[in-house]
Amino acid sequence: MKASDSRLQTASLEEIKRGYVEEGTAYFCICCGFTTEPGIVYPDEGVLYDAVRYMGVHIEKVHGSVFEYLLELDKSVTGLSDVQRGLLAQFYEGKKDAEVQQALGIGSASTIRNHRFVLKEKERQAKIFLALMELLKNKDLHAPATWVSPIMKQGHTIHQRSFEISEEERERVLRNYFPEGISGPMTTFHMQQKHKYIVLTEIAKRFEPRRQYTEKQVNTLLEKVHADYVEIRRYLVDYGLLERKEDGSQYWLGSAAEEQGNGRGDGKQPKGSSAKLTDNSAESLTMEQQVPEERAGKGEKSMNRRKELQEQAKEVKTEAGVYQIRNERNGKVYIDSTPNLKTINGQQFMLQMGSHLNRRLQAEWNEYGESAFTIEVLEVMKKDDNPYADPKDALAKCLESWFEKLEPYGDRGYHGEPKPSN
């Protein structure tokens with residue numbers, strides 16, 4: 001087991017709260033494993049950040065907050081019920097008891113106050129339990145090493161029990177996200193974790209076993225799957241479906257993919273396939289090339305590492321745009337805009353918690369179930385180099401044009417009819 005596989009499990013309380021751990025001369029995000037390194041300047045929207053400050057920027061842009069990331073973890077990790085998770089999400093937004101009661105539709109304001117008390121009691125009990133376990137550590141000679149999840153890669157925890165997938169479910173999910181067939185493009189990568197895992201194991205089948213790929217080749221292959229190929233590549237690595245060298249120069253099919261039956265576990269080359277890389281300049285792979293080797297000197301490794309971190313910094317960017325939540329059963333849609341499309345997973349989270357602000361959408365989500373809905377990006381805003389341009393105004397106009405195009409009212413959507421202009 002690699003050290004990075006269990007950072008969240010071994011991090012101290014303070015490290016978990018701030019969202020990253022310091023290991024050697026680098027900082028690692030406990031949510032996804034993103035790395036920054038002292039001595040490198042990270043640019044973002046015209047501002048230059050050092051390693052620690054940029055880690056904060058990364059967490060905010062990619063994960064929203066450490067609180068939101070932790071709250072989305074499986075209940076077997078947090079120990080929280082769905083109701084408690086929904087309450088914590090509402091409390092985090094600073095809502096009053098009456099507002100929380102109205103949003104969640106449970107009990108009364110006094111019921112919410114009682115829930116607050118129960119959560120405080122749980123906090124006090126947790127402190128005592130932590131103290132007991134700390135005191136026990138030095139006494140219990142038979143205790144196992146740090147507990148980790150069955151599969152854990154870069155902060156994405158996959159629980160085998162919750163991922164018991166029937167063939168019928170797998171086929172349904174793949175039909176939903178690959179309408180043109182599994183060899184075609186994917187409609188969206190915004191989906192629940194279980195569906196992500198099904199989709200990613202299918203995508204991994206597009207890679208040949210015992211073959212080395214450059215990052216460019218991986219990107220070219222994944223671009224055919226979806227435009228957000230960088231995020232898909234990260235998830236494939238995080239889930240162990242792809243593995244790579246430290247400097248990111250080579251990728252190959254991971255052991256987790258072979259365990260799932262991806263590719264051809266016997267290592268044989270398929271009939272009619274070539275042992276050559278897709279680049280015209282690539283020569284046939286020898287067995288020595290197929291097995292990863294670390295031969296670079298320390299100086300070269302350090303240089304490659306810095307280059308990789310700089311490339312990672314470039315990849316993390318904020319894109320504004322318009323998205324829709326579509327009910328595939330009846331075709332009704334909910335549309336909205338956001339300055340950061342990476343945060344639209346929060347819409348799915350609110351629906352799962354029963355706390356979405358659009359009550360019509362929430363009611364049908366509860367009625368039809370999560371599998372009936374898809375979340376898709378309708379338009380990504382292009383950056384305007386004009387210094388006098390107002391990005392908020394441009395985003396508002398973009399949303400308005402989509403309202404005019406889709407008319408998501410009545411039987412066609414979850415929005416109220418627009419008021420007639422005077």
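This report describes the predicted model of one protein, from its overall make-up to selected sheets, helices and single residues.

## Overall make-up

The model is a prediction. The protein has 422 residues, of which 41% count as buried. Its secondary structure comprises 18 helices and 12 strands. Among the contacts with a separation of 6 or more, 58% are between residues 24 or more positions apart.

## The sheet of strands 1, 2 and 3

Strands of a sheet pair through backbone hydrogen bonds, either parallel or antiparallel. One open sheet of the protein holds 3 strands in the order 1-2-3, and the pairing is antiparallel. Strand 1 (20–23) and strand 3 (35–36) are the edge strands, each pairing on one side only. Between strand 2 (residues 26–29) and strand 3 there are 2 bridges, in the antiparallel sense. Within this pairing, Tyr-27 has Thr-36 of strand 3 as its bridge partner.

A helix accompanies this sheet. Helix 3 (residues 51–63) packs on the sheet and touches strand 1, strand 2 and strand 3. The direction of helix 3 makes about 15° with that of strand 2.

## The sheet of strands 10, 11 and 12

A further open sheet of 3 strands has the order 11-10-12, again with antiparallel pairing. Strand 11 (333–338) and strand 12 (373–380) stand at its edges with a single partner strand each, so one side of each has no neighbour in the sheet. From one strand to the next, the twist averages 20°.

Strand 10 (residues 321–327) is joined to strand 12 by 7 bridges, and the two run antiparallel. Gln-324 has Glu-376 of strand 12 as its bridge partner. Strand 10 also pairs with strand 11, in the antiparallel sense and over 6 bridges. Here the bridge partner of Ile-325 is Tyr-334, in strand 11. Strand 10 and strand 11 form a hairpin with 5 residues between them, and Gly-331 in the turn has a positive phi of about 80°. Helix 17 (residues 359–368) lies across strand 10, strand 11 and strand 12, and runs at about 140° to strand 12.

## The packing of helices 11 and 12

Two packed helices are described by the angle between their axes and the distance between the axes. For helix 11 (residues 215–223) and helix 12 (residues 229–238), the angle is about 110° and the axes are 9 Å apart. Helix 11 is therefore roughly perpendicular to helix 12. Their crossing is right-handed.

Helix 11 contributes Glu-215, Val-218, Asn-219, Leu-222 and Glu-223 to the contact, and helix 12 contributes Tyr-229, Ile-232, Arg-233 and Leu-236. By character, the residues of this contact divide into 5 nonpolar, 1 polar and 3 charged.

## Helix 16 and its end

Helix 16 (residues 345–353) contains several buried residues: Gln-347, Gln-348, Phe-349, Met-350, Leu-351 and Met-353. The helix is followed by Gly-354, which has a positive phi, near 75°.

## Residues with a positive phi

Most residues other than glycine have a negative phi, and most peptide bonds are trans. Arg-210 is not a glycine, yet it has a positive phi of about 60°. This arginine, Arg-210, lies in the loop between helix 10 (193–203) and helix 11.

Glu-407 is likewise not a glycine and has a positive phi, of about 45°. Glu-407 is found in the segment after helix 18. Its relative accessible area is 39%, so Glu-407 counts as partly exposed.

## The surroundings of Pro-408

Pro-408 is placed in the segment after helix 18 (391–406). Because its relative accessibility is 0%, Pro-408 counts as buried, whereas Glu-407 is partly exposed.

Leaving aside residues up to four places away in sequence, Pro-408 touches Val-333, Ile-335, Phe-403, Gly-413, Tyr-414 and His-415. Pro-408 and Val-333 are 75 residues apart in sequence, while their C-alpha atoms are 6.0 Å apart in space. Strand 11, an edge strand of the sheet described above, spans residues 333–338.

Note on methods
Residues are numbered from 1 along each chain as its sequence is written. This is a predicted model: local features need pLDDT of at least 70, side-chain atom pairs count only at pLDDT 80 or more; totals for chains, interfaces and linings use all residues. Side-chain values use heavy atoms; hydrogens and water are left out. Axes are lines fitted to C-alpha atoms, for helices over the stretch in contact, and angles run from 0 to 180 degrees between N-to-C directions. Helices (H or I, at least four residues) and strands (E, at least two) are DSSP runs, numbered from the N terminus. Angles under 35 degrees count as roughly parallel, over 145 as roughly antiparallel, 65 to 115 as roughly perpendicular and the rest as oblique. A crossing is left-handed if the near helix is turned anticlockwise from the far one by less than a right angle, and right-handed if clockwise. Contact means heavy atoms within 4.5 Å. Ala, Val, Leu, Ile, Met, Phe, Trp, Tyr, Cys and Pro count as nonpolar, Asp, Glu, Lys and Arg as charged, and the others, Gly among them, as polar. Two strands pair if DSSP finds at least two bridges between them. Buried means under 20% relative accessible area, exposed over 50%, partly exposed in between (1.4 Å probe, protein chains only).
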